[in-house]
Amino acid sequence: MKISLEKSNHPILSIVILNYNSGEYLKNCLLSLYHSTLAAQNFEIIVVDNSSTDNSIIQAQKISVPHTKFLKLKTNRGFSFGNNRGVEATNPKSNFILFLNPDTIVKEATLEKMIGFFEKNHQVDAATCKIILAKTNQIQPECHRDFPTPLNAFMHFGGISSRQYFMEYLDFSKTQKINACVGAFFMIKREIGNKVGWWNEKYFMYGEDLDFCFKLKLKKYNLFYYPKTHITHFQGISSGIKKTVSAASRATKVRSALATTNAMRIFYQENLFSKYSLFTQTLVLGGIKLLEIFRVFKAKYL
C-alpha cells in the first residue's frame, strides 16, 4: 500500500537521474520507481540527458511515469555538471535530493525506507543504501569506503589489501556512519547540499562522489550506510561504457582510463596535498602517472 508521509503541495523527495546512452536501463529504472511504495505525490523525477546519441530518452518518455521531467543538455559536460543542472530543475521546496544512476533497479520499499530513516534519525545528513551488483549479486564495495589517502591507495592499487580502502573491517549488515560512498545512490538533505555547494564541476567523470563526501566530512556532516534496503546496480552503463566494460570500444576504454586517473589528480590536489610534504606529493603524482600508463596500455592492447 502506498503511503503519504506528508500532506503538502510539494514533493518530499527530488530524484535526479543523469542519463547518457543508457538504452533500456533508464526505462527499467523509471519503471522500478513507478512501483515504489512511496506515494507518487511525495516525489518527483528529473531525468537529465547528457547529450545521448541512443534512443534511451525516447524509450523512457513512452512509459509516462508520473511527476517526471526531462531536461536535455546540448553537450556532455560530465557527471557533476549534469547533476547540478538536475538540482536546479527540482522543486526548491523538496526536503531531500536523491542522485540515482539510470543503470539501477530500485526496490519497491527503498524510497519509503530511506525517507523514514532520515526522518527518524535527525543526525543523518546524507545516506546510501546497500548496493548489489547485478553481475555478481554481491555488495558493491564502493558503497562503503574510506578516502584514498596515499597509504590507502598504495595498499589497494598495489594489490596488498583493500581492507581500509573499502572499510572492510566494518560489519555491513549494520547501519553506521561511513566516510564515502558511490554516487549510484546518494541521498542528501537539500539544505546540506546547498551548504556544501553540490557537485564539483572540475570533475568530468569519476571521483566527484568522493569529492562530495570529503566536503561533507570536512564540514562535519554525517554520511550513513543503511543496509535495510537495497538497489541493484548494472555497473558500467551510466559511465558510457556500454553494456559491459568488455563490450566497450578501445577508444571508450582509453577515455575511461584517462578519466579515472585524472579524477585522482584533481581529488588529491583539491583535498589532500596541503596535508603532505612535497616529497609525498611527488610520489603520489608519480604513482598516478604510472597507474595511468598501465591502464591506458591495458585499454589499448589487452
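What follows is a short chat about salt bridges and the nonpolar core in a predicted model.

Biologist: How many salt bridges does a search of the whole structure find?

Modeller: The search finds eight. Keep in mind that this is a predicted model.

Biologist: Let's start with Lys69. Which side chain does it meet in a salt bridge?

Modeller: Glu44. The N to O distance is 3.9 Å.

Biologist: Where do Lys69 and Glu44 lie?

Modeller: Lys69 is in strand S3, residues 68-72. Glu44 is in strand S2, residues 43-49. The two are 25 residues apart in sequence, so the pair ties those parts together.

Biologist: And Glu44, buried or exposed?

Modeller: Buried, at 6% relative accessibility. Lys69 is partly exposed, at 43%.

Biologist: Switching to the helices. What does Lys215 pair with?

Modeller: Asp211. Their closest N and O atoms are 2.9 Å apart. Both residues sit in helix H7, which covers residues 208-218. They are four residues apart, about one helical turn.

Biologist: What about accessibility for Asp211?

Modeller: Asp211 has 2% relative accessibility, so it counts as buried. Lys215 has 22%, which makes it partly exposed.

Biologist: Which residue forms a salt bridge with Lys289?

Modeller: Glu292, with the closest N and O atoms 3.1 Å apart. This pair lies in helix H9, residues 278-301. The spacing is three residues, about one turn of the helix.

Biologist: How accessible is Glu292?

Modeller: Its relative accessibility is 9%, so Glu292 counts as buried. Lys289 is partly exposed at 41%.

Biologist: Which residues do salt bridges with shared partners join into one network?

Modeller: Arg85, Glu88 and Glu201.

Biologist: New topic, the largest nonpolar core. How many residues are in it?

Modeller: It has 79 residues. Leu13, Ile15, Leu100, Phe186 and Ile188 touch the most other members.

Biologist: Which helix gives the most to this core?

Modeller: Helix H8, residues 250-272. It supplies six residues.

Biologist: Why would nonpolar side chains be buried together?

Modeller: That is a general tendency of nonpolar side chains in soluble globular proteins.

Biologist: Back to Ile15. What is it in contact with, leaving aside neighbours within four places in sequence?

Modeller: Leu33, Phe43, Glu44, Ile45, Ile46, Leu98, Leu100 and Leu111. Glu44 is also the salt-bridge partner of Lys69. Leu100, like Ile15, is among the core residues that touch the most other members.

Methods
Residues are numbered from 1 along each chain as its sequence is written. This is a predicted model: local features need pLDDT of at least 70, side-chain atom pairs count only at pLDDT 80 or more; totals for chains, interfaces and linings use all residues. Side-chain values use heavy atoms; hydrogens and water are left out. A salt bridge is a side-chain nitrogen of Lys or Arg within 4 Å of a carboxyl oxygen of Asp or Glu. Buried means under 20% relative accessible area, exposed over 50%, partly exposed in between (1.4 Å probe, protein chains only). A nonpolar core is a set of buried Ala, Val, Leu, Ile, Met, Phe, Trp, Tyr and Cys residues joined through side-chain atoms within 4.5 Å. Contact means heavy atoms within 4.5 Å.
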